[in-house]
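Biologist: I would like to go through this structure with you and ask, label by label, what each term rests on. Could you show it to me before we begin?

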Amino acid sequence: MADIVNLRQARKQKARDEKVRVAEQNRALYGRSKAEKQRDRIVADKTENFVAGHRREPSGAEDDQ
C-alpha cells in the first residue's frame, strides 16, 4: 500500500529545501569576513604589482616606431 502524500505540504517542503540549498551556496560565495576580503585584496594587489614590475614595456605604451 502506498503512503498518502499531501501535495500542498510536499510542495511547501520542496520550496523550503530549495531555499536552504540556495542559502548554503550564498554562504559559500559571500560568507567571508572583512579580514579575509582584505587579505585577498592585498594579495591580488601585490601580485599585480609584481607582474607590472616585470613587464618589458610599461602598460599603455604603444609602438611609436
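Biologist: What makes the contact between Arg32 and Asp40 a salt bridge?

Modeller: In this predicted model, the closest N and O atoms of Arg32 and Asp40 are 2.4 Å apart, and because a salt bridge needs a side-chain nitrogen of Lys or Arg within 4 Å of a carboxyl oxygen of Asp or Glu, the pair qualifies.

Biologist: How do you know that Arg39 and Asp40 form a salt bridge?

Modeller: The reasoning runs along the same path, for the closest N and O atoms of Arg39 and Asp40 are 3.3 Å apart, which is within the 4 Å that the term allows. Asp40 therefore takes part in a contact with Arg32 as well as one with Arg39, so that Arg32, Arg39 and Asp40 are linked in a network of salt bridges.

Biologist: Why are Arg32, Arg39 and Asp40 called partly exposed?

Modeller: The relative accessibility is 38% for Arg32 and 46% for Arg39, while Asp40 has a relative accessible area of 30%. Buried would require a value under 20% and exposed one over 50%, so each of these residues falls in between and counts as partly exposed.

Biologist: Which other salt bridge can you describe, and where does it lie?

Modeller: Glu18 forms a salt bridge with Arg21, and their closest N and O atoms are 2.4 Å apart. Both belong to helix H1, and because they are 3 residues apart there, about one helical turn separates them. Glu18, with a relative accessible area of 37%, is partly exposed, and so is Arg21, with 38%. A search of the whole structure finds 4 salt bridges, including those we have discussed.

Biologist: Why is Arg11 called exposed?

Modeller: Arg11 has a relative accessibility of 57%, and because exposed means over 50%, Arg11 earns that name. Arg11 lies in helix H1, which covers residues 7-30, and together with Arg8, Lys12 and Arg16 forms a positive surface patch.

Biologist: What makes that patch positive?

Modeller: The members are Arg8, Arg11, Lys12 and Arg16, and the patch is called positive because Lys and Arg count as positive.

Biologist: How much of the whole chain is buried, and how many helices and strands are there?

Modeller: Buried residues make up 0% of the 65 residues, and the chain has 2 helices and 0 strands. The chain exposes about 6,800 Å², of which carbon and sulfur atoms supply 52%.

Conventions
Residues are numbered from 1 along each chain as its sequence is written. This is a predicted model: local features need pLDDT of at least 70, side-chain atom pairs count only at pLDDT 80 or more; totals for chains, interfaces and linings use all residues. Side-chain values use heavy atoms; hydrogens and water are left out. Helices (H or I, at least four residues) and strands (E, at least two) are DSSP runs, numbered from the N terminus. Buried means under 20% relative accessible area, exposed over 50%, partly exposed in between (1.4 Å probe, protein chains only). Accessible areas come from the Shrake-Rupley method with a 1.4 Å probe; for residues, only the protein chains shown count as cover. Patches are made of residues with over 30% relative accessible area and no salt bridge: like charges are joined within 9 Å, nonpolar side chains (Val, Leu, Ile, Met, Phe, Trp, Tyr) within 5 Å. The place of a charge is taken as NZ of Lys, CZ of Arg, CG of Asp or CD of Glu.
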